[in-house]
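Me: Please examine this protein with me. I would like each descriptive term to be justified by its criterion.

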Amino acid sequence: MRIIVTFISILLISGCATYNLSPKKIPEDGLSSTSGLLIGSFARDPRDRKYYSQSFYFRSIATGEKYSIRSQPTFNMYTGKTPDDYSAPESAGGIFVIPLQAGEYEFYNFNLYQPNGSFYHYFSSRDDYSISFSVQPNKLNYVGEIKVT
């Protein structure tokens with residue numbers, strides 16, 4: 001229990017982030033007998049190219065409800081820039097904390113957007129894939145680092 005309280009305190013101090021990695025407070029109702037918190041980081045290699053925006057999509061296997069985690073590491077005058085929560089020589093990015101109903105979920109696609117002068121490129125998977133994970137009730141559920149390289 002002490003480890004969980006310490007971890008939540010660190011997240012609060014470092015600026016937690018949710019769906020679009022904008023700083024948010026950890027939801028007070030995120031931990032319950034029917035819901036848990038999905039925690040992870042959304043990263044990129046700072047030595048490599050920066051995509052204008054990057055999104056990863058996941059859904060509930062039971063209901064099909066869709067969610068996305070979005071980061072915008074390049075500044076835009078309309079939407080700003082997603083601040084980095086951490087930066088190291090090989091990895092920089094943001095932390096996300098998303099309240100979800102307990103159950104089975106899967107990452108199924110991504111979207112990377114890269115402008116190039118007067119042209120732009122979208123990169124995504126042609127076919128959906130399935131990387132499954134579980135959200136346990138009343139727990140912090142860590143899915144790791146999602147890294148764009």
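The exchange below takes up the terms in turn.

Me: What kind of model is this, and what makes up its secondary structure?

Reply: The model is a predicted one. The protein has one helix and nine strands. Starting at the N terminus, the order of elements is α-β-β-β-β-β-β-β-β-β.

Me: Why is N109 called buried?

Reply: A residue is buried if its relative accessible area is under 20%. N109 has a relative accessibility of 10%, and therefore counts as buried. This residue belongs to strand β6, which spans residues 103-116.

Me: What makes the pairing of the N109 and D128 side chains a polar contact?

Reply: The term requires a pair of N or O atoms within 3.5 Å, one able to donate a hydrogen and the other to accept it. The side chains of N109 and D128 make such a contact at 2.9 Å.

Me: Which residues are in contact with N109, leaving aside its neighbours within four places in sequence?

Reply: Contact calls for heavy atoms within 4.5 Å. On that basis N109 touches F56, Y57, S124, S125, D127, D128 and Y129.

Me: Is I95 buried or exposed?

Reply: The limit for a buried residue is under 20%. I95, at 17% relative accessibility, therefore counts as buried. I95 is part of strand β5, residues 91-101. Its C-alpha atom is separated by 6.3 Å from that of F42, although the two residues are 53 residues apart along the chain.

Me: Why are β4 and β9 said to stand at the edges?

Reply: The sheet is open and contains four strands in the order β4-β5-β1-β9, with mixed pairing. β4 (86-88) and β9 (140-148) each have a single partner strand, so each has one side without a neighbour in the sheet. From one strand to the next, the twist averages 25°.

Me: How do you know that β1 and β9 pair?

Reply: Two strands pair if at least two bridges are found between them. Strand β1 (residues 35-44) and β9 are joined by eight bridges, in the parallel sense. Within strand β9, N141 stands opposite L38.

Me: What can be said of the protein as a whole?

Reply: The protein has 149 residues, 41% of which count as buried. Among contacts with a separation of 6 or more, 69% come from residues 24 or more positions apart. About 8,900 Å² is exposed, with carbon and sulfur atoms supplying 54% of it.

Notes. Residues are numbered from 1 along each chain as its sequence is written. This is a predicted model: local features need pLDDT of at least 70, side-chain atom pairs count only at pLDDT 80 or more; totals for chains, interfaces and linings use all residues. Side-chain values use heavy atoms; hydrogens and water are left out. Helices (H or I, at least four residues) and strands (E, at least two) are DSSP runs, numbered from the N terminus. Buried means under 20% relative accessible area, exposed over 50%, partly exposed in between (1.4 Å probe, protein chains only). Accessible areas come from the Shrake-Rupley method with a 1.4 Å probe; for residues, only the protein chains shown count as cover. Axes are lines fitted to C-alpha atoms, for helices over the stretch in contact, and angles run from 0 to 180 degrees between N-to-C directions.
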